[in-house]
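Subject: Handing over a structure, with notes

Dear colleague,

I am passing a structure on to you, and I would be glad if you could look it over before reading my notes.

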Amino acid sequence: MRTRRAVAGAALILVVAAGCAGGGGSESGRPAARILSDAQAAAQAADSVTIAGTVARGSTTGPGATTATIELVLTSSGDGRERITGAGQDIDLIRVGQTLYVKGLSAPGATSAYERLPATDPRAAPLIAQLDKKTVFDQLIKAGDTTAVTGTATVAGQPAVKLTPGNGAGALYVADDAAHPYALEVETSPSGAASGATAAPGPTGALMFTGWNAHTVISPPTGTGS
């Protein structure tokens, strides 16, 4: 149970550590704070988005190393789906209306079937937060963060503006389109530890953002009913 939550936490940390819309034209040339504000507004207004990538935490050769692959589908209705695969396990979270379906967070040896939880169940609250688009992007894109524009790039064929946080660890790429300034990719790398420090490295990896405003319908898992 603890290992499963650690893997899920590592993926969520990547999203948190990274830390729209104008009326036409481009985002390049605007201040970093304005680009962040535009990207936040665009994300919150979008009907849906898919976030996918891989996160590594710890030394790639050490005994505590973990790698997680995450796919997260978020919608403006609150329905969503998350799958995290890593450390030899699969974790699935699905929210449809006021019901949450959970698989993979039970103790080892427990049934592999989905557990059905009402949204009012205290155990459901932190899991629902992971599927809430507003909560995720409130953490992901913080307009008050100290961030600098450090260049431009092409991400999945789209021109993008590169933003780098003050500590220099990682980058956020925002579409260079003032009408649709969506986040396209976030990269995270651990900030450099002070000389002589022994702290374990933070998560590293990249997440891609696709399917902005796609027509997305989240359905209950097969065999669980409506």
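The notes below go from the overall make-up to the sheet, the helices, the aromatic rings and a few single residues.

Please keep in mind that this is a predicted model, in which local features need pLDDT of at least 70 and side-chain atom pairs count only at pLDDT 80 or more, while totals for chains, interfaces and linings use all residues. Residues are numbered from 1 along each chain as its sequence is written, and side-chain values use heavy atoms, with hydrogens and water left out.

The protein contains four helices and eleven strands; helices (H or I, at least four residues) and strands (E, at least two) are DSSP runs, numbered from the N terminus. Of its 226 residues, 39% are buried, where buried means under 20% relative accessible area, exposed means over 50% and partly exposed lies in between, with a 1.4 Å probe and protein chains only. About 10,700 Å² of the protein is exposed, and carbon and sulfur atoms supply 53% of that area, as computed by the Shrake-Rupley method with a 1.4 Å probe.

Let me turn to the sheet. The eleven strands form an open sheet with antiparallel pairing, in the order 6-5-4-3-2-1-11-10-9-8-7; two strands pair if DSSP finds at least two bridges between them. Strand 6 (115-118) and strand 7 (147-155) stand at the edges with a single partner strand each, and therefore one side of each has no neighbour in the sheet. On average, neighbouring strands are turned by 15° against each other, direction ignored; the axes behind such angles are lines fitted to C-alpha atoms, for helices over the stretch in contact, and angles run from 0 to 180 degrees between N-to-C directions.

Strand 1 (residues 48-57) is mostly covered, since seven of its ten residues are buried. Ten bridges join strand 1 to strand 2 in the antiparallel sense, and Val 49 stands opposite Leu 74 in strand 2. Strand 1 also pairs with strand 11, again antiparallel, over seven bridges, and there Ala 52 has Met 208 in strand 11 as its bridge partner. Strand 2 (residues 66-75) in turn pairs with strand 3 (residues 80-86) over seven antiparallel bridges, with Arg 83 in strand 3 as the bridge partner of Glu 71.

Two of the helices deserve a look. Helix 2 (residues 32-45) lies across strand 7, strand 8 (158-165) and strand 9 (171-175), and runs at about 60° to strand 7. In helix 4, the buried residues are Lys 133, Val 136, Phe 137 and Leu 140. Seen down the axis of helix 4, these residues fall within an arc of 90°, so they line one face of the helix; the arc is that of the directions from the helix axis to the C-beta atoms.

How many aromatic pairs does the structure hold? There are four, and rings of Phe, Tyr and Trp (its six-membered ring) pair if their centres lie within 6.5 Å, with planes under 30 degrees apart counted as stacked, over 60 as edge-to-face and the rest as tilted. Phe 137 and Phe 209 form a tilted pair, with 6.1 Å from centre to centre and 45° between the planes. This pair links helix 4 (residues 133-140), which holds Phe 137, to strand 11 (residues 204-210), which holds Phe 209, across 72 residues, and both rings belong to buried residues. The rings of Tyr 182 and Trp 212 have their centres 4.6 Å apart and their planes at 10°, so this pair is stacked. Both Tyr 182 and Trp 212 are buried, and together with Phe 137 and Phe 209 they form one aromatic cluster.

Finally, here are two single residues. Leu 72, which has its place in strand 2, is buried, with a relative accessible area of 3%. Its C-alpha is 5.0 Å from that of Ile 51, although the two residues are 21 apart in sequence. Ala 119, in the loop between strand 6 and helix 3 (125-129), counts as partly exposed at 22% relative accessibility. Not counting residues up to four places away in sequence, Ala 119 touches Gln 98, Ala 124 and Ile 128, where contact means heavy atoms within 4.5 Å.

With best wishes
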